[in-house]
Amino acid sequence: MKIDLTDTTASKINKALVQGRRAIGTPAVGMVLTLVIVTDEENAYDALKAANEASREHPSRTLVVVKRVSRSPRDRTQSRLDAEVRVGVDAGTGETVILRLYGEVVNHAQSVVLPLLLPDAPVVVWWSVDAPRDPANDPLGALGQRRVTDSFAAEKPVDELRARVESYEPGDTDLAWARITPWRSMLAAALDQISCEVISAEVAGEEFNPSVELLAMWLADRLHVHVRRAISAGPGLTQVRMETTGGPITLHRSDGAMATLALPGQPDRAVALKRRETSELLAEELRRLDPDDTYASALRFGVDRLGGSQSASQRAETPPRVMAPLPVRTVPDAPTGSAASGDGDTGRPTPAQMPPVKKADPQ
């Protein structure tokens, strides 16, 4: 069921939601959170589609904030709020409200969203494009317990990742981090299978892919070893190679679907590492609403790796570090026995899964 409202208010939108639930015979609200999507008109359809698919796992009230930029100076002074209310089959397993803001109200989106939040339910804010430099201090971001960005969607992904490093606050996360979850799980599981010490590592992938940078930062942070950053043709992450006292461990994926894991003294094995859709990445981020300490630790390492500055909370928590330089080199298409990067379906490893290792000479 769809209800269109023109030049409306938050109060009328709430009444339309109640009216829609009664019309389809489900007056009770059975949603677990409010998902606020901040996007533009061009990307609104894809963002809403991903949210609807994620709502099968996390029933939610989805508020899509579309900020319309008026071309005429006269139109910029005329504030207006249009809304489209969707319930039932048109809204996945929850409720959807598409808010189109015009004029001066664009600068006060939080005042429109606040009355529409579910009472006593967590709030997640997701910027599908054009994320603010400091999500935690953004007026809409301040409403959420979790704030989701996507560095890969930016015009300059690595610069966007640097902004995430500089402005991180507990509750921030990025879909570029979710993209490497299966790789982190696979590498942690590989180290559990053999008794060895890691000496150094190399991560290869596309030049401007923030997930490649994050995986290199995570490995260096958890293993305290020298990590080289190599450039390949992709897609995404293509290889991870860890030199150990027992021999090399390699994970290689060249086609975006299947990878080969090679362990010392064991036959090579094929593992599924399919690149995941945005809806799967979003659903993963909605599974936890507490701060991601592992992501925070990797970003703190990125202060040295990417040359950013720390926020006040990071400076208070971060001990002094002496980091090895991470040089970049170009590699051809990954040879057999090197590690691949992409998207897959496995759980996130905990720090306890990574075995203690002896710190190697950074040179």
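Two strands are taken as paired if DSSP finds at least two bridges between them. By this criterion, strand β2 (residues 33–39) and strand β3 (residues 60–67) of the predicted model are joined by seven bridges and run parallel. Within this pairing, Leu33 stands opposite Ser60 of β3.

The protein chain has 363 residues, of which 55% count as buried. Its secondary structure comprises eleven helices and 15 strands. Among contacts in the protein chain with a separation of 6 or more, 75% are between residues 24 or more positions apart.

Strands β2 and β3 belong to an open sheet of eight strands, with the order β1-β4-β5-β3-β2-β6-β7-β8 and mixed pairing. The edges are occupied by β1 (2–5) and β8 (172–174); each has a single partner strand, so one side of each is left without a neighbour in the sheet. On average, and with direction ignored, neighbouring strands of the sheet are turned by 15 degrees against each other. Helix α1 (residues 10–24) packs on this sheet, where it touches β1, β3, β4 (80–86) and β5 (95–102). The direction of α1 makes about 160 degrees with that of β1. A further helix, α9 (residues 278–286), lies across β2, β6 (123–127), β7 (146–149) and β8. Relative to β6, helix α9 runs at about 145 degrees.

At the β1 edge, the pairing with β4 is antiparallel and extends over four bridges. Lys2 has Arg86 of β4 as its bridge partner. In a regular strand, side chains alternate between the two faces of the sheet. In β1, the covered face carries Ile3 and Leu5, whereas Lys2 and Asp4 are on the uncovered face.

Thr62 lies in strand β3. With a relative accessibility of 2%, Thr62 falls under the 20% limit and therefore counts as buried. Neighbours within four places in sequence set aside, the contacts of Thr62 are Leu35, Ile37, Leu48, Ala51, Glu95, Thr96 and Val97. Of these, Leu35 and Ile37 fall within the residue range of β2, and Glu95, Thr96 and Val97 within that of β5.

The largest nonpolar core contains 42 residues. Val203, Leu214, Leu215, Leu219, Met242 and Leu251 have the most contacts inside this core. Helix α8 (residues 210–223) gives the most to the core, contributing nine residues. Leu219 touches Leu187, Ala201, Val203, His224, Val227, Val240 and Met242, residues up to four places away in sequence not being counted. Another core, of 28 residues, lies apart from the largest one and includes Ile3, Leu63, Val87 and Val123.

Two aromatic pairs were found in a search of the whole structure. Tyr168 and Tyr295 form an edge-to-face pair, with 5.9 Å centre to centre and 75 degrees between the planes. This pair links distant parts of the chain: Tyr168 is in the loop between α5 (157–167) and β8, Tyr295 is in helix α10 (residues 293–305), and the two are 127 residues apart. Tyr168 is buried, its relative accessible area being 5%, and Tyr295 counts as buried at 1% relative accessibility. Tyr295 also forms a tilted pair with Trp177, at 5.3 Å centre to centre and with 55 degrees between the planes. Here too, distant parts of the chain are linked: Trp177 is in helix α6 (residues 175–178), 118 residues from Tyr295 in α10. Trp177 counts as buried, at 0% relative accessibility. Tyr168, Trp177 and Tyr295 are thus linked by ring pairs into a cluster.

Arginine side chains are also placed over aromatic rings. Arg80 lies over the face of Tyr102, 4.1 Å from the ring centre. Arg184 lies over the face of Trp218, where the distance from the ring centre is 5.5 Å.

Methods
Residues numbered from 1 in each chain as written. Predicted model: local features only at pLDDT ≥ 70, side-chain atom pairs only at ≥ 80, totals over all residues. Heavy atoms only, no water. Core = buried A, V, L, I, M, F, W, Y, C linked by side-chain atoms within 4.5 Å. Buried < 20%, exposed > 50% of the residue type's maximum accessible area, 1.4 Å probe, protein only. Contact = heavy atoms within 4.5 Å. Axes fitted to C-alpha atoms, helices over the stretch in contact; angles between N-to-C directions. Phe/Tyr/Trp six-rings, centres within 6.5 Å; stacked < 30°, edge-to-face > 60°. Lys NZ or Arg CZ within 6 Å of the ring centre and 35° of its normal.
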